[in-house]
Every structure is written in C-alpha cells, then in structure tokens.
Amino acid sequence: MQILSGKNRKSNEEIIEKVVLEQYNQYYRLVYSYVHNEADAFDIVQNGAYKALRGSHTLRNPEYARTWVYRIMLNETFNFLKQPRFESYDYLQEARGNEAEFAADDDYTQVDLQDALDALPKQEKAIIVMKFFEDKKLEEIAEILNENLSTIKSRLYRSMKKLRIRLSDE
C-alpha cells in the first residue's frame with residue numbers, strides 16, 4: 001500500500017470530502033434501502049464518511065474516489081447487517097406504524113417490491129439498487145463491487161428473474 005506525502009494526502013482528503021458531500025443523499029438512500037431505519041442509515045453513512053476521510057491517504061487514483069467511497073459505504077452496510085441486533089419495542093412499533101402508513105396510501109406495489117428486494121442476497125440486491133435506483137452503469141457497478149462485468153451481468157439477470165417470480169407470486 002502506498003502512503004502519500006503531506007501535499008498528496010491533503011489533496012486526497014479534499015477530494016474525498018467533496019465526494020462525500022456531493023453524494024451524501026445517494027449514500028443515505030442506498031444504505032436506507034438495506035436497513036430500513038433512518039437512524040441506522042444515518043449512523044452507517046457517517047461511519048463510512050469518517051472511514052473514507054481517515055483512510056484517504058490510501059486512495060491511489062483520485063479519479064476513482066466516487067467508486068472507492070461507494071465501496072466503503074456498501075462494506076459498512078454489510079458489516080452492520082452482520083451484527084446481531086436487539087429490536088426494541090419502540091423500534092417494532094415504529095416499523096408497524098410505517099407499514100400502516102403504506103397501507104393507508106394504497107401503495108402495495110412499493111411494499112411488495114421492497115420485500116422482494118430484501119429477499120435477494122445482499123450482492124444481488126446491491127446490483128439492482130445501483131442499476132435501477134441509483135442509475136449506475138454496469139461498468140461502474142463492476143468497479144464498485146470489484147467484480148468482472150460478465151459476473152455483474154449474470155447476477156443482474158438472475159436477480160431480475162428472481163424478482164419477477166417473487167412479484168408474480170404475490
């Protein structure tokens with residue numbers, strides 16, 4: 001790993017800070033699509049931003065800063081999802097209240113889609129979210145997930161097939 005000198009390190013910090021500020025809402029939406037809790041999503045994005053800034057000296061190519069930070073946010077999200085959590089009574093009541101809100105709006109398709117997305121493995125869900133909700137190109141997704149383009153395409157088509165089957169059953 002290459003450690004940068006003072007000037008380059010400061011430059012990387014500025015680049016990362018700019019990327020985080022410009023893309024903050026996008027990172028929040030991505031994380032929220034996994035955790036379904038505003039406070040948790042906020043905490044995860046904050047931790048991801050902190051780690052990105054703290055590790056900015058390890059960024060080798062500043063032109064890949066957006067991809068690098070996106071990968072950090074995904075890793076933070078996946079690490080959070082691995083942790084055992086105690087769901088308090090208040091949290092469960094809030095979740096039930098949100099379900100009632102959806103039902104009151106007669107927006108069942110959004111709930112069905114969210115349930116179908118949540119049923120996918122996390123890597124497949126990440127591809128769907130980035131492609132269709134974040135408007136990322138497949139090449140960008142492959143770069144973010146550090147996978148071959150053909151792997152991303154295969155996972156995308158497999159995931160779409162799973163979603164179609166799940167949504168047609170409901």
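Helix H6 crosses helix H7 in a right-handed sense in this predicted model. H6 covers residues 122–133 and H7 covers residues 138–145; their axes come within 10 Å and cross at roughly 140 degrees. Angles over 145 degrees would count as roughly antiparallel, so H6 and H7 are classed as oblique to each other. On the H6 side, the contact uses Gln-123, Ile-127, Met-130 and Lys-131, and H7 answers with Leu-138, Ile-141, Ile-144 and Leu-145. Sorted by class, that contact has six nonpolar, one polar and one charged residues.

H6 also packs against helix H8, with the axes 9 Å apart and an angle of about 95 degrees. These two helices are therefore roughly perpendicular to each other. From H6, the residues in this contact include Gln-123, Ile-127 and Lys-131, while those from H8 include Ile-152, Arg-155 and Leu-156. Here is how the two contacts divide by class:

| Contact | Nonpolar | Polar | Charged |
|---|---|---|---|
| H6 with H7 | six residues | one residue | one residue |
| H6 with H8 | seven residues | two residues | five residues |

Now for the interior. The largest nonpolar core has 39 residues, and those touching the most other members are Ile-16, Val-69, Leu-74, Met-130 and Leu-145. Helices H1, H2, H3, H5, H6, H7 and H8 each supply at least two residues of this core, and H3 gives the most, with nine residues. In soluble globular proteins, nonpolar side chains tend to be buried together.

Leu-145 is a handy residue to look up in the structure. Setting aside neighbours within four places in sequence, Leu-145 is in contact with Leu-74, Gln-123, Ile-127, Met-130 and Ile-152.

Definitions and conventions. Residues numbered from 1 in each chain as written. Predicted model: local features only at pLDDT ≥ 70, side-chain atom pairs only at ≥ 80, totals over all residues. Heavy atoms only, no water. Axes fitted to C-alpha atoms, helices over the stretch in contact; angles between N-to-C directions. Helix = DSSP H or I, 4+ residues; strand = E, 2+ residues; numbered from the N terminus. Parallel < 35°, antiparallel > 145°, perpendicular 65-115°, else oblique. Left-handed = near helix turned anticlockwise from the far one by under 90°. Contact = heavy atoms within 4.5 Å. Nonpolar A, V, L, I, M, F, W, Y, C, P; charged D, E, K, R; others polar. Core = buried A, V, L, I, M, F, W, Y, C linked by side-chain atoms within 4.5 Å. Buried < 20%, exposed > 50% of the residue type's maximum accessible area, 1.4 Å probe, protein only.
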